[in-house]
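Student: I'd like to practise reading features off a structure, one at a time. Can we go through this one together?

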Amino acid sequence: MQKPRLKFWDIWNMSFGFLGIQFGFALQGSTMSRIFETLGAEKDNIPLLWIAAPLAGLIVQPIIGYLSDNTWHKNLGRRRPFFLLGAILSSIALLLMPYSSAVWMAAGLLLVLDASINISMEPFRALVADKLPESQRSYGFVIQTLIIGIGTWVASNLPKFMNNVLDISNEAAPGVVPQSVKVAFIVGAVVFLGSILVTIFTTKEYTPKEMEEFEGASGVEEDKGMLKTILGTYALMPKIMKKLGVVQFFSWFAFFAMWTLANPALTSHIYNAPKPQIEEFAQIGEDGDILYDADRVILFKDDQARLDYETQDKNYNEASDDVGSKMGIYGLSSMVFAILLTFYTSRFAINRKLVHMVSLILGGLGFLLMLFIPGDPDMLYVCFALIGFAWGSILSMPYAMLSSSVDSGKMGLMMGVFNMFIVVPQIIAALGGVVFLQKLIGEESIHAMTIAGIFLILAAFSNLLITDRKAIKYEPA
């Protein structure tokens with residue numbers, strides 16, 4: 001028995017929650033390094049502060065995948081309970097994040113935020129495989145990418161929009177996150193929860209009995225328990241997953257480098273507006289600590305030092321707003337990528353391997369170009385547009401290839417285990433991998449973007465490992 005083909009709006013509604021998920025990710029990706037720098041973190045330590053995010057994914061996603069495969073709620077179904085839980089926790093973390101008063105607090109909230117986003121995200125991936133017939137899966141993942149692109153672009157532009165349009169200040173005292181960023185996170189929390197609720201109220205899931213009928217199952221596989229099932233899946237993961245894992249390793253290392261170091265790299269190299277170090281302008285005591293007055297306000301060396309700091313900090317915040325805005329372009333171009341593939345895959349089969357390979361090469365060129373455009377911010381539109389093609393493909397093609405080659409009864413668990421190939425490269429990058437490789441080229445932080453470009457091109461050619469015809473191209477029987 002075949003699953004019925006769904007109409008566009010059915011697929012749109014069941015994917016709409018990804019708008020909120022991506023609001024969370026985009027605000028995290030475009031502003032977390034800025035928040036860390038504002039709170040006093042050293043540039044080279046920023047990737048390490050991000051380690052909470054991939055660690056949360058490594059632990060949470062396989063567990064949530066297993067639980068969502070083995071859950072059935074009479075009102076919320078199989079995947080939707082996890083959408084709702086993740087949305088509530090993520091919204092709380094988003095509300096609290098910009099009010100962090102210390103680096104450790106922001107890093108802790110990042111752990112909570114990323115773990116909460118992961119509770120919602122992987123069940124969304126599995127929902128596509130649950131609801132759609134094989135012939136529509138590429139189409140379904142591409143529509144998710146379309147919605148993700150919208151969320152990335154809008155959320156990345158929020159801080160700049162708050163400042164330029166609503167006249168909410170993007171300046172603040174040393175060690176304080178600007179009000180424009182705070183309001184952007186509040187909006188993100190509202191959108192996150194609201195969009196998830198749209199999916200919950202408009203999407204009906206198939207019952208376990210219906211899923212058995214669709215798959216022609218004669219019975220339910222014996223449940224060996226969560227730990228044994230997860231470890232068994234790691235041990236017996238299919239070859240296609242391992243090969244896709246190589247592609248994912250290089251891809252996500254590259255994007256982790258962008259999320260963690262693009263802001264310090266681009267504000268310095270492109271805008272010549274690095275974050276000023278308060279120690280250079282403030283009065284320093286004999287013990288080497290910054291001096292404060294009775295109201296805990298920093299004491300500057302003199303009025304000129306205060307003015308110089310405020311001017312440089314203003315330039316940094318304006319540059320950061322613009323970097324965040326231009327980073328949003330990669331969401332916009334991934335949306336264009338998704339629209340084109342949506343129209344095509346709704347009628348024709350595609351060569352997923354070839355599409356992914358070409359897209360990753362274009363993204364790699366976008367990163368490499370950044371080194372050669374100091375003082376020319378407008379060229380970042382081109383760079384991030386190219387990166388967006390890679391991002392659009394990363395969010396759709398690997399999942400479409402994987403979902404065509406694994407047991408649908410374990411789709412949630414498989415998607416969670418597959419996440420290992422996303423989080424492990426990020427953990428390696430966070431533990432010093434990206435900074436180490438960057439310094440092999442030079443001390444300037446812009447070389448982190450060069451490393452990102454090299455890794456995306458390596459990811460592109462790793463697609464040559466994939467030979468499974470069913471994964472590469474859907475062919476009706």
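Student: Let's begin with α14. Which residues of α14 are buried?

Tutor: First, the idea: a residue is buried when its relative accessible area is under 20%, exposed when that is over 50%, and partly exposed in between, using a 1.4 Å probe and protein chains only. In α14 the buried residues are L380, C383, F384, I387, G388, A390, W391, G392, S393 and I394. Keep in mind that this is a predicted model, where local features need pLDDT of at least 70 and side-chain atom pairs count only at pLDDT 80 or more, while totals for chains, interfaces and linings use all residues. Residues are numbered from 1 along each chain as its sequence is written, and side-chain values use heavy atoms, with hydrogens and water left out.

Student: How do I check the length of helix α14?

Tutor: Helices here are DSSP runs of H or I with at least four residues, strands are runs of E with at least two, and both are numbered from the N terminus. The expected span of a helix is 1.5 Å times one less than its number of residues. Helix α14 covers residues 380-394, so its 15 residues should span 21 Å, and the end C-alpha atoms are indeed 21 Å apart.

Student: And what does S333 touch, outside its own stretch of sequence?

Tutor: Contact means heavy atoms within 4.5 Å. Setting aside neighbours within four places in sequence, S333 is in contact with F384, A385, G388 and F389. S333 itself sits in helix α12, and it counts as buried because its relative accessibility is 7%. Two of those partners, F384 and G388, are on the buried list for α14.

Student: Let me try G17. Where is it, and is it buried or exposed?

Tutor: G17 has its place in helix α2, residues 17-38. With 0% relative accessibility, G17 counts as buried. Beyond neighbours within four places in sequence, its contacts are F124, S195, I196 and T199. There's also a sequence-versus-space pairing to look at: G17 and I147 are 130 residues apart in sequence, yet 8.7 Å apart in space, C-alpha to C-alpha.

Student: Now charges. How many salt bridges are there?

Tutor: The rule is a side-chain nitrogen of Lys or Arg within 4 Å of a carboxyl oxygen of Asp or Glu. By that rule the count is nine. One of them joins the side chains of R80 and E205, at 3.3 Å from N to O. R80 lies in helix α5 and E205 in the loop between α8 and α9 (208-215), so this pair ties together parts 125 residues apart in sequence. Both ends are buried: R80 has 10% relative accessibility and E205 has 4%.

Student: Which pair links α7 and α12?

Tutor: That's K160 with D322, whose side chains meet in a salt bridge at 2.5 Å, N to O. K160 is in helix α7 (residues 137-164) and D322 in helix α12 (residues 303-345), so the pair ties together parts 162 residues apart in sequence. K160 counts as partly exposed at 22% relative accessibility, whereas D322 is buried at 11%.

Student: What about a salt bridge inside one helix?

Tutor: An α-helix has 3.6 residues a turn, so residues three or four places apart point the same way. Here, E318 and K314 both lie in helix α12, four residues apart, about one turn of the helix. They form a salt bridge, with the closest N and O atoms 3.2 Å apart. E318 is partly exposed at 38% relative accessibility, and K314 is partly exposed at 32%. Salt bridges can also link up: D44, K439 and E443 form a network of them.

Student: Which residues make the nonpolar surface patch?

Tutor: Patches use residues with over 30% relative accessible area and no salt bridge; like charges are joined within 9 Å, and nonpolar side chains (Val, Leu, Ile, Met, Phe, Trp, Tyr) within 5 Å. Areas come from the Shrake-Rupley method with a 1.4 Å probe, and for residues only the protein chains shown count as cover. This patch, about 770 Å², is made by L85, I88, L89, I92, L95, L96, Y99, I186 and V190. The elements giving two or more residues are α5 (80-96) and α8 (179-202), and α5 gives the most, with six. Y99 is found in the loop between α5 and α6 (103-131), and it counts as partly exposed at 44% relative accessibility.

Student: And the overall picture?

Tutor: The protein has 19 helices and zero strands, and 58% of its 477 residues are buried.
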